[in-house]
Amino acid sequence: MKKYISLIISVIILISSVIAFPAGAEDETTALEPKLTSSEAFIAILKEREGFSKYPYMDNSHWSIGYGTRCPDDKVAYYQEHGITEEEASAMMMSMLAGFENAVLEFGDKYNLTFTQNQFDALVSFSYNCGTEWLTDSKGYMHQAVRDKWTGSDFLYAICLWSRSGSEYILMNRRMYEANMYL
């Protein structure tokens, strides 16, 4: 009798699990998991740190506009005359951020890394400011630091190597902010 009851309970559990989790449901659940995107808090801080510029300005070796986004070369003259609205600048920034978000996510996927929201925001901020070369330079310290999950002073060393603009160390505050966010 105990065998029959056990068998009936086993069949009921099996049937209920098949109904609750039909074939392929696991794939759908995985596909529906949201991917990381820049947090609203990070976007607000980025806008504050970059500041809004209605007109193009020379930023190192290229023209920038809005919230530190690269101004398209074919639009520099137009924007010098007409400027840009804050809404247009926000849209340009979000478009630029999407590219950096995807690059950071691809890097994480390539090395089987899982980022916290703060780590993700820090790496997107870093890429927004420095570009994505660090993602492909496998011998570079920043690449190694993230890939190998460095912490503390090791991570600080790696990120602070990117605190120069030209010959001056003018990005140290930004690197400290990003390091603090990441760690």
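Contact is taken here to mean heavy atoms within 4.5 Å, and on that basis the surroundings of helix α9 can be described in this predicted model. Within α9, the residues Phe155, Ala158, Ile159 and Cys160 are buried, and what covers these buried residues includes α6, α8 and α10.

The packing of α9 against α10 was examined in further detail. Two packed helices are described by the angle between their axes and the distance between the axes. For α9, which spans residues 152–160, and α10, which spans residues 172–182, the axes come within 10 Å and cross at roughly 140 degrees, and the crossing of the two helices is right-handed. On the α9 side, the contact is made by Phe155, Leu156, Ile159 and Cys160, which meet Met172, Arg175, Met176, Glu178, Ala179 and Tyr182 of α10. The residues of this contact divide into eight nonpolar and two charged, with no polar residue. Phe155, Ile159 and Cys160 therefore appear in both descriptions, being buried under the cut-off of 20% relative accessible area and taking part in the contact with α10.

Two loop residues with positive phi values were also found, one of them in the loop that leads to α9. Lys149 is located between α8 (141–147) and α9, and its phi is positive, at about 60 degrees, although the residue is not a glycine. Because exposure is assigned over 50% relative accessible area, Lys149, with a value of 57%, is exposed. Asn112, which lies in the loop between α5 (86–110) and α6 (117–130), likewise has a positive phi, near 55 degrees, in a residue other than glycine. With a relative accessibility of 67%, Asn112 also counts as exposed.

Apart from these helices and loops, the model contains an open sheet of three strands, arranged in the order β1-β2-β3 with antiparallel pairing. The edge strands of this sheet are β1 (53–59) and β3 (69–70), each of which pairs on one side only. Between β1 and β2, the latter comprising residues 62–66, the antiparallel pairing extends over four bridges. Asp59 has His62 in β2 as its bridge partner.

Conventions:
Residues are numbered from 1 along each chain as its sequence is written. This is a predicted model: local features need pLDDT of at least 70, side-chain atom pairs count only at pLDDT 80 or more; totals for chains, interfaces and linings use all residues. Side-chain values use heavy atoms; hydrogens and water are left out. Axes are lines fitted to C-alpha atoms, for helices over the stretch in contact, and angles run from 0 to 180 degrees between N-to-C directions. A crossing is left-handed if the near helix is turned anticlockwise from the far one by less than a right angle, and right-handed if clockwise. Ala, Val, Leu, Ile, Met, Phe, Trp, Tyr, Cys and Pro count as nonpolar, Asp, Glu, Lys and Arg as charged, and the others, Gly among them, as polar. Two strands pair if DSSP finds at least two bridges between them. Buried means under 20% relative accessible area, exposed over 50%, partly exposed in between (1.4 Å probe, protein chains only).
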